[in-house]
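Here is a short walk through one structure, from its interior outwards. Please keep the sequence and the 3D view at hand.

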Amino acid sequence: SYRLPFGRGLRYSMTGIQDTLLGGWTVSGIAEFATGVPQTVMDLDNSGTGNGNQHADRIAGCDANDAPRDRFQWFNVGCFVQPAFGTWGNSGQGIINDPGMNNWNMTLAKSFRIREDHSVEFRFESYNTFNHTQWLGANYSGNSASFGRITGARPARQVQFALFYRF
């Protein structure tokens, strides 16, 4: 949190109506930055073991990250094929990363004193302040129609106002 230097007794001193409107504001925020979580490309159980999904086969020399890296094709789906029946897939564990996160949440608040032990606090709160698109993970299941696509996102900017009476 950072108290802005405007108002009575602060660096940029004000009195009267100016102090009431512009003085005593506090700004605070939280920023989150993260790289994407490593994921594994999976396919149907072609090993014949009944263990469910297994790793897909990766085509030699094909770069899985050579893709537009957008919501329509997060990774190069042409680098993966279904393994032959009775074999295990050869692609590695966690070879592709999900989209990362770049999120800012901010608050602007001011407390108005009513009496010695009573005050009202006004707050403006913003989540995903800069409205940066935060993609969810891609579909890593080779047997899905949306293989390699991102089909969701975290919430867009959300804004709320609050008023607290403290006594």
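The largest nonpolar core in this predicted model has 13 residues. The residues with the most contacts inside this core are V41, W74, F75, F80, I96, A138 and Y140.

A138 is a useful place to start. Setting aside residues up to four places away in sequence, A138 touches two of the core residues just named, W74 and F75. A138 also touches D98, G148, R149 and I150.

Next to A138 in the numbering is G137. G137 lies in the loop that runs between β10 (118-127) and β11 (158-166). Is G137 buried, or exposed, or in between? Its relative accessible area is 33%; because buried means under 20% and exposed means over 50%, G137 counts as partly exposed. Beyond its neighbours within four places in sequence, G137 is in contact with D98, P99 and I150. Both D98 and I150 are therefore contacts of G137 and of A138 under the cut-off for contact, heavy atoms within 4.5 Å. As for D63, 74 residues from G137 along the chain, the C-alpha atoms of the two are separated by 19 Å.

The strands on either side of this loop, β10 and β11, belong to an open sheet of 5 strands. The order in the sheet is β1-β2-β9-β10-β11, and the pairing is antiparallel. β1 (2-3) and β11 stand at the edges; each has a single partner strand, so one side of each is left without a neighbour in the sheet. At the β1 edge, 2 bridges join β1 to β2 (residues 25-34) in the antiparallel sense. There, Y2 stands opposite V27 in β2.

Methods
Residues are numbered from 1 along each chain as its sequence is written. This is a predicted model: local features need pLDDT of at least 70, side-chain atom pairs count only at pLDDT 80 or more; totals for chains, interfaces and linings use all residues. Side-chain values use heavy atoms; hydrogens and water are left out. Helices (H or I, at least four residues) and strands (E, at least two) are DSSP runs, numbered from the N terminus. Buried means under 20% relative accessible area, exposed over 50%, partly exposed in between (1.4 Å probe, protein chains only). A nonpolar core is a set of buried Ala, Val, Leu, Ile, Met, Phe, Trp, Tyr and Cys residues joined through side-chain atoms within 4.5 Å. Two strands pair if DSSP finds at least two bridges between them.
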